[in-house]
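Subject: Structure handover

Hello,

Here is the structure for you to take over. My notes on what was found in it follow below.

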Amino acid sequence: MDIILIIVAALFMVLGIIGSFLPVLPGPLTSWIGLLILHLSKSVPMDKSFLIITLIIAILIWLLDYVIPAIGTKHFGGTKYGMIGTSIGLIVGLITPIPFGVIIGPFVGAYLGELLYKTDSKTAIKAAFGSFIGFLTSAFIKFIVAIIYLGLFIGIVWDSKEALFTF
């Protein structure tokens, strides 16, 4: 049973890394579920403080994923309207079946938000570019956290290899 749990946990770790770039899966949270499944096995000692700390980090990264594109918009000269447009564009990009909607949505949302604020087209494009940079930054942070969780997973499995693999 422990081997099955390790395989399922490893699948969640891989899905977490993939989820760092796909908006359908929350990358670090999915990786954390892999760590939780690993700790459900009888051969791996349960450390609740480890799970709580990694869960808090995963939740913080998940929340920041919605904030960072708006911060990028603001940093590149966007207004409150551009930040709101970025957030609305991200949501629309997530729920519509447009290819690359999660990239296009915040960009178009920031652009339209700035145009509604009566900003010139050049400033609106700059703010939209900021939202795209924010998206890339967010994806990079999620990827790094998912890779760290994978490293922790491998380390825990390696430390427990005698108890797990008793053939």
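To begin with a single residue: Ser20 is buried, its relative accessible area being 1%. Ser20 sits in the loop that joins α1 to α2. The model is a predicted one, and the distances below should be read with that in mind.

The side chain of Ser20 has two backbone oxygens within reach. One belongs to Gly16, with a polar atom of the Ser20 side chain 3.2 Å away. The other belongs to Lys142, at 3.3 Å. If neighbours within four places in sequence are set aside, the contacts of Ser20 are Gly27, Ala139, Lys142, Phe143 and Ala146.

Lys142 appears again among the salt bridges, of which the structure holds two. Lys142 pairs with Asp65, and the closest N and O atoms are 3.3 Å apart. The pair links distant parts of the chain, with Asp65 in helix α3 and Lys142 in helix α6, 77 residues apart. Asp65 and Lys142 are both buried. Lys142 therefore takes part in this salt bridge through its side chain, while its backbone oxygen is the atom that the side chain of Ser20 reaches.

The other salt bridge joins Lys161 and Glu162, at 3.7 Å from N to O. Are these two residues buried or exposed? Glu162 has a relative accessible area of 52%, so it counts as exposed. Lys161 is at 29% and therefore partly exposed. Helix α7 covers residues 161-164, and confidence in the protein chain is lowest there, at a mean pLDDT of 79. At the other end of the range is helix α2 (residues 27-40), where the mean is 94. For the protein chain as a whole the mean pLDDT is 86, and 99% of the residues reach 70 or more.

Next, the core. The largest nonpolar core has 20 residues, and those touching the most other members are Leu35, Leu38, Tyr149 and Phe153. Two or more residues of this core come from each of α1 (2-19), α2, α3 (48-75) and α6 (121-159). Tyr149 has a long list of contacts once neighbours within four places in sequence are left aside: Met13, Pro28, Ser31, Trp32, Leu35, Thr54, Ile57 and Ala58. Leu35, one of those contacts, is also among the core residues that touch the most other members.

Ala110 is a residue of helix α5. Its relative accessible area is 0%, so Ala110 is buried. Beyond four places in sequence, Ala110 touches Thr73, Gly82, Gly85, Thr86, Ala127, Ala128 and Ser131. The C-alpha atom of Ala110 is separated by 8.6 Å from that of Ala70, a residue 40 places away along the chain.

One backbone angle should be looked at. Which residue has a positive phi although it is not a glycine? Phe100 does, with a phi of about 60°. Most residues other than glycine have a negative phi. Phe100 lies in the loop between α4 (80-95) and α5 (101-116). With a relative accessibility of 63%, Phe100 counts as exposed, because the limit for that class is over 50%.

Regards

How values were computed. Residues numbered from 1 in each chain as written. Predicted model: local features only at pLDDT ≥ 70, side-chain atom pairs only at ≥ 80, totals over all residues. Heavy atoms only, no water. pLDDT = per-residue confidence, 0-100. Helix = DSSP H or I, 4+ residues; strand = E, 2+ residues; numbered from the N terminus. Core = buried A, V, L, I, M, F, W, Y, C linked by side-chain atoms within 4.5 Å. Buried < 20%, exposed > 50% of the residue type's maximum accessible area, 1.4 Å probe, protein only. Contact = heavy atoms within 4.5 Å. Salt bridge = Lys/Arg side-chain N within 4 Å of Asp/Glu carboxyl O. Polar contact = N/O pair within 3.5 Å; in protein donor to acceptor, adjacent residues only side chain to side chain.
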